[in-house]
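Work through the exercises below with the sequence and the model at hand. Try each task before reading its solution.

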Amino acid sequence: MRNKTALITGATGGLGTEFANIHAAKGGDLLLVGRNQEKLDAMKKELEEKYTGKVRLFAVDLSEPDAADRIYAFTKEQEIQIDYLINNAAFGGRGEFAVRTMEQDLSMLSVNVVTVTKLLKLFLPDFIRRGEGKILNVSSTAALTPGPLQAEYYATKAYVTSLSNAIWQEVKGSGVTVTALMPGAMKTGFAEASDMSKTPLFANAVSPVGVAKAGYDGMLKGKLNVFAGLPGWQKPFMSLMPMFPKKPVMKMIYEMQKEKR
């Protein structure tokens with residue numbers, strides 16, 4: 001029986017690394033996508049020493065316009081059948097929308113929205129033709145509300161969740177499923193890269209290990225949305241978020257994303 005192959009973007013850190021370990025531990029093969037070739041090489045060595053599955057690598061900057069096309073072309077050239085597509089790569093960035101540079105925000109849109117969309121457009125028809133395939137799009141609880149001081153990041157995650165949910169309905173009954181993973185704040189490189197590590201929002205950040213497992217398991221079950229990594233009071237709060245008045249919620253988010261002094 002052929003091993004299932006998972007394509008994971010943003011594979012060299014945080015959730016991406018955890019997804020890779022979970023899938024490899026089940027005997028699956030991997031196509032790991034990331035920007036840093038050295039980190040990819042180190043991951044391949046470690047995974048192949050621990051597990052039996054085959055690990056392939058593709059180094060690319062996902063903000064480049066042709067990134068998705070190059071990934072898809074590589075799978076065709078190498079005759080790699082992708083069974084699970086895990087769109088994990090994304091980044092944020094703290095700061096007022098009017099102050100952040102055009103380059104910063106367009107790059108975020110490219111990685112968080114455009115490349116995700118292109119990968120779905122390329123791989124989803126193949127999945128549907130075969131009558132099988134699982135897709136996991138890593139979104140965020142940020143999708144549930146506008147996010148002052150991370151306005152564009154929150155908007156990109158709202159897009160990812162909305163797109164995932166709509167496609168879930170469109171492919172229902174085809175053998176293909178699309179799941180959105182919606183974690184809270186995690187202890188990954190995201191906080192540092194986004195200048196969020198000293199904010200109240202990340203004061204209770206959780207390990208990505210349990211979040212990755214919840215997302216992976218939810219993907220296999222074909223769930224619509226998976227909420228994970230929400231400590232204590234955040235769980236009921238997030239479920240009620242859409243019902244709360246928007247202005248006080250935005251004020252709270254704004255204060256939580258300010259740097260602690």
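**Exercise 1: a helix residue**

Thr-156 sits in helix 5, residues 151-170. The model is a predicted one.

Task: Decide whether Thr-156 is buried or exposed.

Solution.
- Step 1. Take the relative accessibility of Thr-156, which is 1%.
- Step 2. Compare with the cut-off: buried means under 20%.
- Step 3. Thr-156 therefore counts as buried at 1%.

Task: Find what surrounds Thr-156.

Solution.
- Step 1. Leave out residues up to four places away in sequence; Thr-156 then touches Leu-109, Asn-112 and Val-113.
- Step 2. Turn to polar partners: the Thr-156 side chain comes to 2.6 Å from the backbone oxygen of Tyr-153.

**Exercise 2: the sheet**

Task: Give the strand order and name the edge strands.

Solution.
- Step 1. Seven strands form an open sheet, ordered 3-2-1-4-5-6-7 and paired in parallel.
- Step 2. Strand 3 (55-59) and strand 7 (225-228) are at the edges; each has a single partner strand, so one side of each lacks a neighbour in the sheet.
- Step 3. On average, neighbouring strands of this sheet are turned by 15° against each other, direction ignored.

Task: Describe how strand 1 and strand 4 pair, and which helix packs there.

Solution.
- Step 1. Strand 1 (residues 5-9) and strand 4 (residues 84-87) are parallel, with three bridges.
- Step 2. Leu-7 lies opposite Leu-85 of strand 4.
- Step 3. Helix 4 (residues 102-130) packs on the sheet and touches strand 1, strand 4, strand 5 (133-138) and strand 6 (176-183).
- Step 4. The direction of helix 4 makes about 170° with that of strand 4.

Conventions
Residues are numbered from 1 along each chain as its sequence is written. This is a predicted model: local features need pLDDT of at least 70, side-chain atom pairs count only at pLDDT 80 or more; totals for chains, interfaces and linings use all residues. Side-chain values use heavy atoms; hydrogens and water are left out. Two strands pair if DSSP finds at least two bridges between them. Helices (H or I, at least four residues) and strands (E, at least two) are DSSP runs, numbered from the N terminus. Axes are lines fitted to C-alpha atoms, for helices over the stretch in contact, and angles run from 0 to 180 degrees between N-to-C directions. Contact means heavy atoms within 4.5 Å. Buried means under 20% relative accessible area, exposed over 50%, partly exposed in between (1.4 Å probe, protein chains only). A polar contact is a pair of N or O atoms within 3.5 Å; within protein, one must be able to donate a hydrogen and the other to accept it, and residues adjacent in sequence count only if both atoms are side-chain atoms.
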